[in-house]
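Let's take a walk through this model, from the overall fold down to a handful of individual residues. Have the viewer open and follow along.

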Amino acid sequence: MEKYARVFNRFDLNGDGKVCAAELQRCVAAVVGEMTEEEAAAAVALLDSDGDGSLSLEDLARVVEEAAEEERASDLKEAFKMYEMEGSGCITPTSLRRMLSRLGERRSVDQCGDMIATYDLNADGVLTFDEFELMMAPPAFV
């Protein structure tokens, strides 16, 4: 949350702990480009979680996290397509071997099948996107 607080404090020009539409407009204009008053007001209305007409630090953090998650999901879909290569909607041992070969790694189809089996939740011998997504997820620490 600390990294978001630094950004939030730059947006919160008057230091009241909230970012109003005018503050958002000025900061976005300085960083990205022009934003009209109407666009700023609409953005605040859309992102304001407590309905007070301004954005809190939590609102900003939520927006950034959601954008990062959308980007991650898009990147995973693109990566999956690269490994899938057969248009089948899944990663097969053959398609995995082909992609690994392109990356300079030599594996047999059987070795690729073993790699897939680790994350193949329904034991059908291939990875669906959902299984691929689980495989690519960061490890959970307890």
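One cut-off before we start: a residue is called exposed when its relative accessible area is over 50%, and buried when that value is under 20%, with partly exposed in between. Try it on Glu-34, which sits in the loop between H2 and H3. Its relative accessible area is 76%, so Glu-34 counts as exposed. Apart from neighbours within four places in sequence, Glu-34 is in contact with Ala-29 and Glu-39.

Now zoom out. Keep in mind that this is a predicted model. The mean pLDDT of the protein chain is 89, with 97% of the residues at 70 or more. Confidence peaks in helix H6 (residues 109-117), at a mean of 95, and is lowest in helix H2 (residues 21-31), at 86. As a general caution, where pLDDT is low, predicted coordinates should not be read in detail.

As for secondary structure, you'll find 7 helices and 0 strands in the protein chain, so to speak a pure α-α-α-α-α-α-α pattern when read along the sequence. What about the overall dimensions? The radius of gyration of the protein chain is 22 Å, whereas a compact globule of 142 residues would come out near 14 Å. Along the principal axes, the C-alpha atoms fill a box of roughly 65 × 35 × 25 Å. Buried residues make up 28% of the 142 residues. Looking at contacts with a separation of 6 or more, 38% of them join residues 24 or more positions apart. The chain exposes about 9400 Å², and carbon and sulfur atoms supply 55% of that.

Next, the inside. In soluble globular proteins, nonpolar side chains tend to be buried together. Here the largest nonpolar core has 15 residues, and those with the most contacts inside it are Phe-8, Phe-11, Val-19, Leu-24, Val-28, Met-35 and Leu-55. The elements that give two or more residues to this core are helix H1 (2-11), H2, helix H3 (37-47) and helix H4 (57-84). There is also a second, separate core of 11 residues, which includes Leu-76, Leu-100, Cys-112 and Leu-127. Back in the largest core, pick out Val-28: leaving aside neighbours within four places in sequence, Val-28 is in contact with Phe-11, Gly-33 and Met-35.

Polar residues can be buried here too, and Ser-95 is a case in point, with a relative accessible area of 0%. Ser-95 belongs to helix H5 (residues 93-102). Which backbone oxygen lies 3.0 Å from a polar atom of the Ser-95 side chain? That oxygen comes from Tyr-83.

Finally, head for the loop between H6 and helix H7 (129-136), where you'll find Asp-120. Is Asp-120 buried or exposed? Its relative accessibility is 10%, so Asp-120 counts as buried. Not counting residues up to four places away in sequence, Asp-120 touches Gly-125, Val-126, Leu-127 and Glu-131. The C-alpha atoms of Asp-120 and Met-1 are separated by 36 Å, with the two positions 119 residues apart along the chain.

The loop between H6 and H7 also holds Ala-123. At 68% relative accessible area, Ala-123 is exposed. Its backbone deserves a look as well: most residues other than glycine have a negative phi. Ala-123 is not a glycine, yet its phi is positive, at about 55 degrees.

Technical notes. Residues numbered from 1 in each chain as written. Predicted model: local features only at pLDDT ≥ 70, side-chain atom pairs only at ≥ 80, totals over all residues. Heavy atoms only, no water. Helix = DSSP H or I, 4+ residues; strand = E, 2+ residues; numbered from the N terminus. Buried < 20%, exposed > 50% of the residue type's maximum accessible area, 1.4 Å probe, protein only. Polar contact = N/O pair within 3.5 Å; in protein donor to acceptor, adjacent residues only side chain to side chain. pLDDT = per-residue confidence, 0-100. Rg over C-alpha atoms; globule rule 2.2 N^0.38 Å. Contact = heavy atoms within 4.5 Å. Areas by Shrake-Rupley, 256 points an atom, 1.4 Å probe, with all protein chains shown as cover. Core = buried A, V, L, I, M, F, W, Y, C linked by side-chain atoms within 4.5 Å.
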